[in-house]
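Here are my notes on the ligand site and on the way the chain is divided. Please read them beside the model, which is a predicted one.

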Amino acid sequence: MQATSLGDGAELRPLEPRHAQELLSHMDRGRDFIGRYVALPDAVTDLTSAHAFLQRYETKAAADGGRLFGIWADDTLVGGALFPTMNVEQGTAEAGCWLEPSAVGRGLVTRAVRLIIEWAVEERNVHRVEWRVSPANEPSIAVARRLGMTKDGVLRESYLHRGVRHDTEVWSVLAPEWRASTGAGAQGGDPELGGAGGTLSRKGAPHIDRVVPDLSVSDLAAAVRQHTAVLGMDVLMDHGWIVTLGDGTGHQLSLMTTDATATVNPQVSVFVDDVHAAYRAALEANTEIVHPLTEEPWGVTRFFYRDSSGSVINVGSHR
Ligand SMILES: CC(C)(COP(=O)(O)OP(=O)(O)OC[C@H]1O[C@@H](n2cnc3c(N)ncnc32)[C@H](O)[C@@H]1OP(=O)(O)O)[C@@H](O)C(=O)NCCC(=O)NCCS
């Protein structure tokens, strides 16, 4: 897999032994943050160990037993996405990731891991991609959710890290689930991944992260009580005028009184990785824009369009 754009000035590229110095400098910037849950910083402590780590992955890749990719933002190595294990005969792979602190909160890892899962499923016929994570590692669990994974269970005290035994949550996505969530098969190939099918081939189109129905309600507290009682969902976010409920496996429902900045309430919110590309697509499709592309104070950039039947769709990305 060659260099592949992640948008936002970032690229996913193979991480190779020639990057040992870059890897070491990156690890020095993120050592404490990355090392809370993963052993990578303990394996990369100087130039020799950085080189040895990268060489191990060269050997694994040559044997088809794993893959390692770096995430570069503005030409600085800031993280990675990898398959620490891969068994093509069995059709299984474990995916993983890390970022240094300066690169978190931009969706880089979600986009990077999406690319490598797409490659594994479509190019290597991998059936099951697994994600192993400490139950305390909420940002990583959020990535698993964004990737559409399901929690399989917990391996109790299975992971020894820096002298402490941790539980391991196992999450996974199966190839048919992956294809259903990406709409694979409907599109052509992607030259950069050398493959066919999947979201990568939709050049210029944004990836959709989440679709959330928005119910307009008159009494927010009463609506929250009713929907949590009936559906068993929890409150994930409460801005006073909008509450988002979730079930812990990625299903969400928003309840809102009156939109904080727009003059209309949307019926559905679609969260994408590149709202600017979505906005361009909406303009090209001559849809009616009823709330312009706006950087909202709560960290979302969004616009609303109205379809020919009058439904209003909120399209947004987190900044
Ligand atoms: C796990 C880890 C990589 C997650 O980093 P992250 O920045 O939260 O993950 P992403 O790059 O996918 O970004 C998602 C965040 O960016 C926001 N975001 C902004 N634009 C986005 C976009 N276009 N798409 C998706 N998310 C976007 C999301 O809302 C989310 O922020 P939030 O959690 O505040 O809601 C990071 O915490 C880390 O490196 N931890 C240490 C190493 C580690 O634990 N690795 C995992 C081992 S299992």
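**Notes on the ligand site and the domains**

1. In this predicted model, an N or O atom in the side chain of D209 is placed 3.1 Å from a nitrogen atom of the ligand. Taken on its own, the ligand has 930 Å² of accessible area, and the protein covers 84% of that. Two or more residues of the shell around the ligand are given by each of α1 (20-34), β5 (92-99), α4 (108-123) and α5 (138-146).

2. Oxygen atoms of the ligand also have polar partners: a polar side-chain atom of T110 lies 2.5 Å from one ligand oxygen atom, and a backbone N or O atom of L99 lies 2.8 Å from a ligand oxygen atom. Both L99 and T110 belong to the group that comes nearest among the 24 residues around the ligand, a group that also holds G105, N137 and H318.

3. By residue class, the shell around the ligand is made up of 12 nonpolar, 6 polar and 6 charged residues. Domain 1 (4-193) and domain 2 (208-318) each supply at least three residues to this shell.

4. As for the division itself, the protein chain is split into domain 1 (4-193) and domain 2 (208-318), with C-alpha centres that lie 30 Å apart. Their contact involves 5 residues from domain 1 and 6 residues from domain 2.

5. Between them the two domains bury about 450 Å², of which 42% is on carbon and sulfur atoms. On the domain 1 side, the residues that lose the most area to domain 2 are R111, R114 and R145, which together account for 68% of what that side buries.

Conventions:
Residues numbered from 1 in each chain as written. Predicted model: local features only at pLDDT ≥ 70, side-chain atom pairs only at ≥ 80, totals over all residues. Heavy atoms only, no water. Near = heavy atom within 4 Å. Polar contact = N/O pair within 3.5 Å; in protein donor to acceptor, adjacent residues only side chain to side chain. Areas by Shrake-Rupley, 256 points an atom, 1.4 Å probe, with all protein chains shown as cover. Helix = DSSP H or I, 4+ residues; strand = E, 2+ residues; numbered from the N terminus. Nonpolar A, V, L, I, M, F, W, Y, C, P; charged D, E, K, R; others polar. Domains from an automatic or database assignment. Contact = heavy atoms within 4.5 Å. Buried area = accessible area lost by both parts, 1.4 Å probe.
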